Amino acid sequence: MEPILDIQKLTKRYGPKAALDNVSFSIAKGSCFGLLGPNGAGKSTTMKILTGILSADSGSVHVFGINAFKQQRNVQRQVGYVPQEITLYDKLSANDNLEFFGRLYGIKGQLLKKRIHDVLLETGLLDRAKDPVKSFSGGMKRRINIACALLHQPKLLILDEPTVGIDPQSRNHIFEMIRHLRDNGVTIIYSTHYMEEVEVLCDDIAIIDQGKVIAQGTLDELFASYAQKAVFVEAEGPFQPDSIHAIKKSYPRNHGWVLETDQPIEVMKTILDAQQSELKLKAIEMIRPSLEDVFLSLTGTRLRD
Ligand SMILES: Nc1ncnc2c1ncn2[C@@H]1O[C@H](COP(=O)(O)OP(=O)(O)OP(=O)(O)O)[C@@H](O)[C@H]1O
């Protein structure tokens, strides 16, 4: 698929510390791309460089084939950016905030009115248009912040940790909006440290840690390369995991055993056969890998730490 964004060897230092160290990735048109990493990994720095808020020390960024460092305005017209910090005027109504941001994008008159109506509808806040933003919950403010970034109908939407500190209802609303935008051809870059969000939302993922992209691919590709398949079994009677050839490693968990294997189906079959003679099975299931396992296998630390 055609890349809509191509980043090559991006570096950025703050004094002696490298916030980004040779970061490269590209994003296919129409996908929802997840940039996953712990706090301080370099996600915001990457996003700020993409949008021209920060300059890079070296490397290149091309958006829609345009050199973003040389033709910043041209790129900005096609990109919507939702920063991590909420940037709204608390005393103004949702409508007035949107008018202000719409004018910054050069939208005026009837078109601006229509766009404000449309983005309020998309974010589910049409009935709160006239209320001051200070009366909104954190999640509603976040949705208005996203609405601001959608006014000029960008083809690429960049969201920096949009669900931090918000209620589940707003979070679900944001997910629905993102899916709807993607289905309508908008390419999404979604930065987060919540791996569960990336698992349910993103087509392609880059994992970033300490300023470096340490893995990239679809969920299935990341699981295949970095997560160990396993079976969980709980049984009464003599059970010796070492006797099953396909088990690479086993360890106890919650009254049962985790059996690491590249052939989970075969291992399950062997245990189910043994059950008829000597084992009394209480539970057997395949353990679904998670991005937590991928991160652990790549870095030796947990993403949640
Ligand atoms: N203005 C700055 N001056 C000095 N160091 C900075 C500055 N901004 C970011 N950093 C450092 O650069 C590194 C990357 O920060 P960045 O904000 O990009 O990470 P992040 O993945 O977005 O994490 P978070 O979710 O915590 O913002 C961190 O070590 C951070 O402390």
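A residue is exposed if 12 or fewer other C-beta atoms lie within 10 Å of its own, and buried if 20 or more do. This cut-off settles the status of Asn172 in the present model, which is predicted. Asn172 has 12 C-beta neighbours inside 10 Å, and therefore counts as exposed. The residue sits in helix 6, which covers residues 168-183. Cys148 lies 24 residues from Asn172 along the chain. The C-alpha atoms of Asn172 and Cys148 are 19 Å apart.

The chain as a whole comprises 305 residues, of which 36% are buried. Its secondary structure consists of 10 helices and 14 strands. Along the principal axes, the C-alpha atoms occupy a box of roughly 80 × 45 × 35 Å. Contacts were considered between residues at least 6 apart in sequence. Of these contacts, 68% link residues at least 24 apart.

The ligand is surrounded by residues from several parts of the sequence numbering. Tyr14 and Ala19 belong to this shell. So do Gly37, Asn39, Gly40, Ala41 and Gly42. Lys43, Ser44 and Thr45 follow in number, and Glu161 completes the set. Helix 1, spanning residues 43-50, makes the greatest contribution to the shell, with three residues. By character, the shell contains six polar residues, three nonpolar residues and two charged residues.

Technical notes: Residues numbered from 1 in each chain as written. Predicted model: local features only at pLDDT ≥ 70, side-chain atom pairs only at ≥ 80, totals over all residues. Helix = DSSP H or I, 4+ residues; strand = E, 2+ residues; numbered from the N terminus. Contact = placed C-beta atoms within 7 Å. Near = placed C-beta within 6 Å. Nonpolar A, V, L, I, M, F, W, Y, C, P; charged D, E, K, R; others polar.
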